[in-house]
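Work through the exercises below with the sequence and the coordinates side by side. Each task is followed by a solution that proceeds step by step.

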Amino acid sequence: MPHQKEPRIFYRKELDSTQDEAFRLFDSGEVPPFFVVSDVQTSGRGRYHHSWVSGRGGVWLTLLLEPDRKKFRNVWAYGFAASLSVVELLSEFKVQASISWPNDVLVNGSKISGVLTEARLYGNEKAIEETKPGHPLALGVGLNVTNDVSGVPAPYPVTNMLENTESRPDFRFVRKRLIEILFIRAFKGEQDLTVKEYRTKLHTLGRAVTVRSGNCMISGKAEDIDSDGALIIRTEKGLEKMFTGEIVRK
Ligand code: BTN
């Protein structure tokens, strides 16, 4: 039974990736939920094997949790909760943000944060979509705070909190608040309310989008998010449903 006591926080100055460290700790017997945070990541990972530039001054954290099926039935819903946590955190700093499906957080069209959700797989499982007890989940969040984003190699504009706030935010304080918000959303939240709120923060709906998923590219107008967390796109051939993918942005 997943428990909700205050989570332990493992703090590191430098790591390869908080995702990897979280699974290493789990494998060595650490009981979820717990957070892993690091000032610097040397091999930060993004979705689709992209690398994630993680210099000092950003928030790089992973919440390792045992999913609670009564609250979140699907792995992607935890990802929605994580991106909503970032939007909530930013609003405390008077920074208005929105979400680009599925989990990128944008400020004035530039990416400020990303979420990586990884479930532990066993045997020949390739992916799990439904949350399963015994399949711990690593919910990783990267948020650019005062770290230098000028050289980040990304095919879309990137920003940080510093560029969007009047006074210089302290990345340690931001990290502490994000941990508090994420913990509440992941343990006190539930799927249906999370999806409802997620829709209200979604930048994507009503816009022309191109979504890449593997070798497949679909273009059209983003119409809705359905109960599978999938993006519904109206294309020239009719409605297409994308369960996973990344929006191609410039
Ligand atoms: C993306 O937008 O592609 C997801 C980026 C996720 C980055 C975070 S930083 C903390 C955690 N550790 C990692 O190696 N990646 C995630």
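The exercises go from the chain as a whole to a helix, some backbone details and the pockets.

This is a predicted model, in which local features need pLDDT of at least 70 and side-chain atom pairs count only at pLDDT 80 or more, while totals for chains, interfaces and linings use all residues. Residues are numbered from 1 along each chain as its sequence is written, and side-chain values use heavy atoms, with hydrogens and water left out.

**Exercise 1. Describe the overall build of the protein chain.**

Step 1: Begin with the secondary structure, where the protein chain has four helices and 12 strands (DSSP runs numbered from the N terminus, with helices being H or I of at least four residues and strands E of at least two).

Step 2: Compare the radius of gyration, taken over C-alpha atoms, with the globule rule of 2.2 Å times the number of residues to the power 0.38. For 250 residues a compact globule would come near 18 Å, and the 17 Å of the protein chain agrees with this.

Step 3: Turn to burial, for which buried means under 20% relative accessible area, exposed over 50%, and partly exposed in between, with a 1.4 Å probe and protein chains only. Of the 250 residues, 53% count as buried.

**Exercise 2. Determine how α1 is placed within the structure.**

Step 1: Locate α1 at residues 18-27, and note that its buried residues are T18, Q19, E21, A22, F23, L25 and F26.

Step 2: Because seven of the 10 residues of α1 are buried, this helix is largely enclosed by the rest of the structure.

Step 3: Identify the cover, which includes β1 (8-15), β2 (34-41), β3, β6 and β7.

**Exercise 3. Find the backbone features in the loops.**

Step 1: Look for cis peptide bonds; one joins P32 and P33, with omega about 5°, and P33 lies in the loop between α1 and β2. Another joins W101 and P102, with omega about -5°, and P102 is placed in the loop between β4 (98-100) and β5 (104-107).

Step 2: Look for positive phi values outside glycine, such as that of Y48, near 55°, and that of H49, about 60°. Y48 is in the loop between β2 and β3, and H49 is likewise in the loop between β2 and β3.

Step 3: Assign the accessibility of each, so that Y48, at 33%, counts as partly exposed, whereas H49, at 83%, counts as exposed.

**Exercise 4. Characterise the largest pocket and the second largest pocket.**

Step 1: Fix the term: on a 1 Å grid over the protein atoms alone, a pocket is an open set of points where a 1.4 Å probe fits, with protein on both sides within 12 Å along at least five of seven lines, and lining residues have an atom within 4 Å of a point.

Step 2: The largest pocket has a volume of about 900 Å³ (the space filled by probe spheres set on the points, which are joined across faces, edges and corners). Of its 26 lining residues, R47, V75, T117, I128 and T244 are the closest to its centre, and the largest share of the lining, five residues, comes from β6.

Step 3: The second largest pocket, of about 660 Å³, is lined by 37 residues, with G46, H50, W52, K111 and Y156 nearest its centre. Here too β6 gives the largest share of the lining, four residues.

Methods:
Contact = heavy atoms within 4.5 Å.
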